[in-house]
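Visitor: I should like a close look at a single part of this model, namely the open sheet and what lies around it. Please then continue to the largest pocket.

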Amino acid sequence: MNSLPQHIEALIFAAPQPIPLNEIQSVLMDSVGMEFAESVLLQAIQDLKRRYDHAQHSFEVVEIAGGYQFMTKGAYHQTIGAHLRQQSTKKLSRSALETLSIIAYKQPVTKSDLEKIRGVSCDYALQKLLEKELVTITGRADSVGKPLLYGVTDKFMDYFGIRSLNDLPQPREFKLPENTIGEPEELMVDADN
């Protein structure tokens with residue numbers, strides 16, 4: 001089928017979030033009545049990536065959050081960022097970001113575990129994260145009272161531009177600032193003793 005890349009391009013363009021390969025395969029089977037091997041679909045996606053790799057395009061096909069999506073190229077992020085800042089006055093609060101990061105690293109996690117780590121109530125932050133669909137209820141814990149368990153969503157990965165939770169920075173990657181003021185204190189050694 002000569003128009004396979006165009007069909008895939010249309011699906012990626014129309015999908016409100018990253019569209020997974022198995023969904024592309026299923027939709028194509030339903031719409032054109034042909035089953036395509038994953039290798040054929042991956043080759044068509046590679047052809048699309050090469051097509052949008054040229055400088056005249058401001059966007060590209062990116063594999064993200066378990067699927068494929070059109071995204072703006074890095075050279076235009078500042079322009080898009082300015083646009084988004086003008087449109088969106090509501091950002092995640094510091095408490096929501098802290099709560100979200102704990103959930104991302106510790107999931108599935110209960111509200112009481114979140115509050116033990118943060119040291120404060122997480123009710124409001126958790127409510128806002130659920131409203132923004134960055135967090136979801138993944139089930140119930142087997143402990144007393146069967147508290148709800150929380151985890152991040154694919155929208156979280158899309159929002160932060162990561163393919164999977166394995167792309168999150170690891171704690172060892174966080175380090176203290178290298179530029180400090182002053183010299184480190186050295187121990188004075190008494191030559192007489």
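Guide: In this predicted model, three strands make up an open sheet, ordered S3-S5-S4 with antiparallel pairing. The edges are occupied by strand S3 (109–110) and strand S4 (135–140); each has a single partner strand, so one side of each is left without a neighbour in the sheet. Between S3 and strand S5 (residues 148–152), the antiparallel pairing extends over two bridges, and Val109 has Tyr150 in S5 as its bridge partner. Helix H5 (residues 94–106) lies across S3, S4 and S5, and runs at about 95° to S5.

Another pair of strands leads towards the pocket. Strand S1 (residues 59–64) and strand S2 (residues 67–72) run antiparallel and are joined by six bridges; Glu63, for example, has Tyr68 in S2 as its bridge partner. Two residues lie between the strands of this hairpin, where Ala65 adopts a positive phi near 50°.

The largest pocket has a volume of about 1100 Å³. Its lining comprises 31 residues, of which Met71, Leu84, Asp158, Tyr159 and Phe160 are the closest to its centre. Two or more lining residues come from each of S1, S2, helix H4 (77–87) and helix H8 (154–160). By character, the lining of the largest pocket divides into 17 nonpolar, five polar and nine charged residues. Both domain 1 (4–76) and domain 2 (94–167) contribute to this lining, with at least three residues from each.

Notes: Residues numbered from 1 in each chain as written. Predicted model: local features only at pLDDT ≥ 70, side-chain atom pairs only at ≥ 80, totals over all residues. Heavy atoms only, no water. Pairing = 2+ DSSP bridges. Helix = DSSP H or I, 4+ residues; strand = E, 2+ residues; numbered from the N terminus. Contact = heavy atoms within 4.5 Å. Axes fitted to C-alpha atoms, helices over the stretch in contact; angles between N-to-C directions. 1 Å grid on protein atoms, 1.4 Å probe; cavity = no way out; pocket = protein on both sides within 12 Å on 5 of 7 lines; lining within 4 Å. Points joined across faces, edges and corners; volume = space filled by probe spheres on them. Nonpolar A, V, L, I, M, F, W, Y, C, P; charged D, E, K, R; others polar. Domains from an automatic or database assignment.
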